[in-house]
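Work through the exercises below with the structure open. Try each task before reading its solution.

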Amino acid sequence: MGVFTFSDEFTSPIPPARLFKALIVDSHNLIPKLMPQAVKSIDIIGDGGAGSIRQINFTEGSHLSFVKNRVDELNEETFTYKYTLIEGGPLMDKLESISYEVKFEPTPEGGSKNKMRSTYYTKGDIELKEEDIKEGKSRALGMYKLCEAYLTQNPEAYA
């Protein structure tokens, strides 16, 4: 098995607490509203915290029907979220799993710096390159930007 890690960092004018609440804690309600053309629903099995399963159900016509993520850590005080993709996904024929770590930190300007790290565990001796995961990263960034725009237009939301 191979292990490949990729990191990204984004800045946002939105404070960490608001972004974390919207993108992580209440994503099961907000994301289907912001992305109805792509996300049908998000089901949570468990209390939403560590050990819970979040199943993202995609709309008909999507190249995926669903993905399941296991919540490994959800810390609302440190704005840290860790989860593992355990089922579904476009690369699952090549991968055992993918683990993600997301951390939102405050910036001096009142916004946030958002650090994301993904670790891919491949099956056998498969090599993974950044181009292989470009589409997923692009989708994640699109969701992030939609949420940021929503919070900018709705300053009372998740305040």
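**Exercise 1. The largest pocket**

Task: How much space lies in the largest pocket, and which residues lie nearest its centre?

Solution. The model is predicted. Start with the volume: about 1,300 Å³ of space lies in the largest pocket. Next, take the lining, which has 47 residues. Tyr83, Tyr100, Gly136, Ala140 and Met143 lie nearest the centre. Now sort the lining by class: 31 residues are nonpolar, 8 are polar and 8 are charged. Finally, sort by element. Helix α3 gives the largest share of this lining, with 8 residues.

**Exercise 2. The nonpolar cores**

Task: Which residues have the most contacts inside the largest nonpolar core, and which element gives the most to this core?

Solution. The largest nonpolar core has 23 residues. Inside it, Leu19, Leu23, Tyr81, Phe104, Cys147 and Leu151 have the most contacts. Two or more residues come from each of α1, α2, β2, β5 (80-88), β6 (95-106) and α3. The most come from α1, which gives 5 residues. Another core, of 10 residues, lies apart from this one. Phe4, Phe6, Leu85 and Leu128 are among its members.

Then look at Leu151 itself. Leaving out residues up to four places away in sequence, Leu151 touches Ile14, Arg18, Leu19, Ala22, Ala157 and Tyr158.

**Exercise 3. Helix α2**

Task: Which residues of helix α2 are buried, and which elements do they pack against?

Solution. Helix α2 covers residues 27-34. Its buried residues are Ser27, Leu30, Ile31, Pro32 and Leu34. They pack against two helices, α1 (16-25) and α3 (134-153), and against the strands β2 (39-45) and β3 (53-58).

**Exercise 4. Asn69 and Ser65**

Task: Is Asn69 buried or exposed? Is Ser65 buried or exposed?

Solution. Place Asn69 first: it is found in strand β4 (residues 66-75). Its relative accessibility is 8%. Buried means under 20%, so Asn69 counts as buried. Beyond residues up to four places away in sequence, Asn69 touches Ser52, Ile53, Arg54, Ile56, Tyr83, Thr84 and Leu85.

Now place Ser65, which lies in the loop between β3 and β4. Its relative accessible area is 51%. Exposed means over 50%, so Ser65 is exposed. With residues up to four places away in sequence not counted, Ser65 touches Ile56, Asn57 and Phe58.

Last step: compare sequence and space for Ser65 and Gly89. They are 24 residues apart in sequence. Their C-alpha atoms are 8.9 Å apart.

Notes:
Residues numbered from 1 in each chain as written. Predicted model: local features only at pLDDT ≥ 70, side-chain atom pairs only at ≥ 80, totals over all residues. Heavy atoms only, no water. Buried < 20%, exposed > 50% of the residue type's maximum accessible area, 1.4 Å probe, protein only. Helix = DSSP H or I, 4+ residues; strand = E, 2+ residues; numbered from the N terminus. Contact = heavy atoms within 4.5 Å. 1 Å grid on protein atoms, 1.4 Å probe; cavity = no way out; pocket = protein on both sides within 12 Å on 5 of 7 lines; lining within 4 Å. Points joined across faces, edges and corners; volume = space filled by probe spheres on them. Nonpolar A, V, L, I, M, F, W, Y, C, P; charged D, E, K, R; others polar. Core = buried A, V, L, I, M, F, W, Y, C linked by side-chain atoms within 4.5 Å.
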